[in-house]
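Open the model in your viewer and keep the selection panel at hand. We will walk through it one selection at a time.

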Amino acid sequence: MAATVETIEQVEQLGTEKYKYGFVTDIESEMAPKGLSEEVIRFISAKKEEPEWMLEWRLKAYEHFKTMEEPDWAKVEYTPIDLSDIYYYAAPKIKDRPNSLDEVDPELLRTYEKLGIPLKEQEVLAGVVAVDAVFDSVSVATTYRKKLAEYGVIFCSISEAIKEHPELVKKYLGSVVPYSDNYFATLNCAVFTDGSFVYIPKGVRCPMELSTYFRINAENTGQFERTLIIAEEGSYVSYLEGCTAPQRDENQLHAAVVELVAMKEAEIKYSTVQNWYPGDDTGAGGIYNFVTKRGACRGDSSKISWTQVETGSAVTWKYPSCILQGDNSVGEFYSVAITNNAQQADTGTKMIHIGKNTKSTIISKGISAGKADNTYRGLVKVLPGAEGARNYTQCDSLLIGDQCGAHTVPYIESRNPSARIEHEATTSKISEDQLFYCSQRGLSEEDAVSIIVNGFCKEVMKELPMEFAVEAQKLIGISLEGSVG
Amino acid sequence: MPNDMANDNALLKAFSAMHVDGAPDWFGAVTAAGAETFETLGLPTNRTEAWKYTSLRGLGGLAFAAPSADLEPVEIPRDSVADIKGIEIVLVNGRLDESRSALDNLPVGLAITPLSKAMERDGGAVKHALQDESAIDGLPLAALSTAGITGGVLIEVARNADIAKPIHIISIGTAGDEPVAFAPRNVVWVGANAKATLVESHVGVGEGSYFSNSVTHVTVEDEAIFHHYKLQNEARSAYHVAMTHVTCGEKVIYDNFALSCGSKLARNEIRGKLDGSEILYAVNGVYMAAANQHLDNTTFIEHAKPNSQSREIYKGVLDENGRGVFQGKILVQRPAQKTDGYQMNRALLLSRKAEIDSKPELEIYADDVKCSHGATVGELDDNQLFYLKARGIAEHDARNMLIEAYLRDALEEIRMDSVAQAFGAKITDWLAERAKREDAAS
């Protein structure tokens with residue numbers, strides 16, 4: 001109850017300011033030298049006290065990366081990234097790892113408070129959410145581990161997992177997104193600094209929603225997160241990912257990789273609210289968000305569900321995908337992508353049907369305002385063995401203003417005669433009637449747009465866990481501020 | 001890589017070897033520009049986004065020759081051609097057969113001129129069309145075609161003219177020991193407020209391969225109505241690549257229907273520019289592939305002005321190792337408010353080895369628009385099958401009935417009955433062939 005009230009309060013505060021997360025916390029960082037090189041990778045690996053096999057994997061990725069070219073097929077335009085001008089490692093300077101929150105740098109805790117994640121109170125509050133808060137590449141505090149441990153659930157930073165559960169990491173890391181997958185994923189393999197690791201043992205329903213707040217802080221630090229979630233047979237987990245970033249003038253690269261593995265009858269629900277700094281009205285200073293997210297439904301009757309609300313970043317390049325290997329496995333993708341001002345988003349999903357009777361659902365809502373461009377790009381592929389495969393795709397775009405663009409690029413490939421694939425897409429605008437109706441009832445135009453857009457996104461919003469739903473609704477309103485009138 | 005280059009050069013050489021007799025100087029510059037563009041772009045591979053699903057690798061490996069300067073004395077294969085009574089124009093291996101083409105005694109308001117003669121007229125529609133760089137820009141096969149234009153006609157429909165009888169272009173490819181490559185080029189100009197119908201039949205004679213790489217320019221002036229129907233029934237080992245550029249003025253009605261059942265590999269590409277308001281623009285079609293056929297329909301619709309409507313429905317059936325490709329893109333430019341666009345591709349896979357690749361695409365820059373697209377892939381409806389079987393119809397027959405109904409439904413989009421009938425006959429033929437295969441197999 002207390003948590004709900006607090007959430008509402010936090011969310012109300014959100015509405016008062018355009019982007020209140022535009023602050024930089026002054027914490028001394030320990031940085032690797034600028035630029036990308038074998039030395040930097042060795043430095044990162046050494047800093048994290050990684051075993052030899054991990055370093056070898058990183059170096060293998062780096063060798064491959066050197067042969068790759070930056071992709072240009074996405075419908076986004078941005079100033080090329082100078083990889084030599086990025087710090088690949090920046091950790092808050094902590095002598096020893098804190099055993100409790102009391103040992104955490106108070107400056108850091110204040111940052112979280114501003115963000116609305118009072119860690120201290122989280123622990124006191126009824127066990128609603130466990131937060132594996134990530135601050136600039138190193139996990140500083142993880143709560144509720146004891147409680148989770150009772151269930152046999154492992155929820156820790158990936159660096160810890162590499163040290164403490166090497167057999168699991170070795171087995172699954174790179175098994176869904178291989179080191180050679182794509183330009184940004186390969187870069188991530190070489191230089192990833194931290195991220196979350198989740199392991200749900202056989203038959204366990206994770207007792208709480210697991211959550212990570214991402215935050216980019218130190219100037220010029222690219223954020224290379226690596227998340228790995230494994231759900232063993234018959235288990236269930238819901239994972240929340242939320243992000244904010246402080247205001248700054250230089251573009252920041254973010255190239256994360258998320259891998260999900262669902263075994264027989266397991267279910268993983270992965271929800272994201274992304275509201276990183278989108279840049280100013282011209283897009284200057286915003287985050288580059290180039291993310292590879294992929295889940296493998298390895299076992300029969302397994303399920304992976306992606307839900308995302310994307311309102312931030314200057315450039316987004318993101319395609320959470322499902323590989324439906326197990327018979328009767330299910331993949332879902334629910335997405336709201338909002339772009340305003342000079343934001344650009346090229347996002348969508350891939351559903352690869354391999355097993356029999358595999359099902360996938362894609363619901364994508366794109367909202368474009370200001371001078372923004374919003375593209376849905378998706379692939380539905382049915383392989384010859386996917387007897388009885390079924391896909392339903394719906395992509396709706398909403399345009400607000402006459403300077404923006406909305407694009408839909410679906411690829412549909414079927415090689416099985418019993419497969420059924422349906423794809424629908426529409427593009428429309430907010431009608432005068434809807435606006436008139438709302439303003440008649442005393443709503444300002446801005447509130448009216450917020451309400452109408454929330455209605456437009458309802459099918460996706462209802463997939464979000466409670467904690468996120470309220471925040472996400474407000475975010476939609478904030479993201480569209482200044483788009484009308 | 002060097003191999004690809006060699007193939008490109010061989011193709012270019014085959015096409016460059018062709019000439020239109022008595023062509024003026026500016027024509028040389030046009031073919032040179034085509035060759036240059038092709039050399040820059042090269043033969044597209046799967047890595048080229050616009051050719052992602054259609055590989056022309058098989059094409060590069062074949063040695064094509066230019067058709068001989070003399071016309072091949074071939075009979076018109078009436079069984080393959082669309083059975084309509086029209087004003088016939090005959091092209092053999094891309095060269096105009098003047099003796100069998102209706103160039104004189106045409107209805108009032110209609111003029112058909114051999115391309116070579118039309119070129120001599122300075123500033124005409126032909127020069128305008130051929131010098132249009134956007135017709136080859138980024139389009140490797142159209143550029144290759146331009147490098148070696150073999151012949152064709154200029155069709156002019158005068159302002160206010162109403163030509164009731166359809167104009168029928170019959171393009172025949174001769175498949176012989178040495179495969180030929182040819183590049184027909186037809187230019188159509190429909191004057192303001194005029195009305196006309198064009199039917200194209202692309203057919204082949206003999207066993208073996210040839211490569212037809214055509215470009216057609218269609219300009220429809222304000223308030224004119226133009227029906228444009230195409231039957232692609234090439235020889236089964238032939239390659240067919242066709243580009244149609246359409247430009248529409250104010251209040252034009254343009255409707256295109258393409259039935260594709262021939263060739264080994266075909267690409268039917270239509271690029272329409274809706275350069276006026278209140279246009280009704282339709283591109284529809286049916287494709288039926290069997291054996292190892294690969295049938296590609298690619299369309300691009302550009303809404304440049306407000307208040308126009310575009311409609312697009314393609315339906316396909318894919319049997320045996322047949323592969324269907326549909327790529328449809330609607331681009332709505334910023335000024336094109338109140339655009340209403342609809343696009344649909346439906347495909348039926350009839351075999352376990354068939355494949356369909358579909359890419360319906362929207363690119364929209366205007367906010368007050370209504371655009372939608374859809375795509376479905378699947379097999380026949382079980383309920384419908386059950387309904388028929390419950391009435392004592394054998395499964396095999398019931399399936400064929402449903403396939404026929406599914407395909408014939410698309411013919412509703414054809415506005416001229418005689419053409420709908422002629423195209424319907426091709427669907428019946430195809431299904432009969434399929435039934436024969438099934439009988440042989442069982």
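Start by selecting chain B and colouring it by domain: the assignment gives domain 1 as residues 2-275 and domain 2 as residues 383-442. Keep in mind as you look around that this is a predicted model. Put a centroid on the C-alpha atoms of each of these domains of chain B, and you will find the two centres 31 Å apart.

**Between the two domains of chain B**

Next, bring up the residues where the domains touch. Domain 1 of chain B contributes 14 residues to this contact, and domain 2 of chain B contributes 11. To see where the domain 1 side comes from, select β8 (195-205), β10 (225-233) and β12 (253-260) of chain B, each of which provides at least two of its residues. Which of the elements gives the largest share of this side? That is β10(B), with 4 residues. Now colour the domain 1 side by residue class: 9 of its residues are nonpolar, 3 polar and 2 charged.

**Chain B as a whole**

Zoom out and switch to a cartoon of chain B, where you can look for 9 helices and 20 strands. The radius of gyration of chain B is 21 Å, close to the 22 Å that the globule rule gives for 442 residues, so chain B is as compact as a globular protein of that length. Turn the C-alpha trace along its principal axes, and chain B spans about 70 × 55 × 50 Å.

If you colour by burial, 55% of the 442 residues in chain B come up as buried. A contact map is worth a look too: among contacts in chain B with a separation of 6 or more, 84% join residues 24 or more positions apart.

**Across to chain A**

Now show both chains and select the residues where they meet. You should have 31 residues from chain A and 32 residues from chain B. On the chain A side, highlight β22 (390-400), β23 (405-414) and β24 (420-429), since each supplies at least two of the residues that touch chain B. By class, the chain A side holds 14 nonpolar, 10 polar and 7 charged residues.

For the last stop, keep β23(A) selected and add β19 of chain B, residues 355-364. How do these two strands run, parallel or antiparallel? They are antiparallel, and 6 bridges join them. To pick out one of the pairings, click on A:A406 and find B:I364, its bridge partner in β19(B).

Notes: Residues numbered from 1 in each chain as written. Chains lettered and ligands numbered in written order. Predicted model: local features only at pLDDT ≥ 70, side-chain atom pairs only at ≥ 80, totals over all residues. Contact = placed C-beta atoms within 7 Å. Nonpolar A, V, L, I, M, F, W, Y, C, P; charged D, E, K, R; others polar. Pairing = 2+ DSSP bridges. Domains from an automatic or database assignment. Rg over C-alpha atoms; globule rule 2.2 N^0.38 Å. Buried ≥ 20, exposed ≤ 12 C-beta atoms within 10 Å, placed from the backbone.
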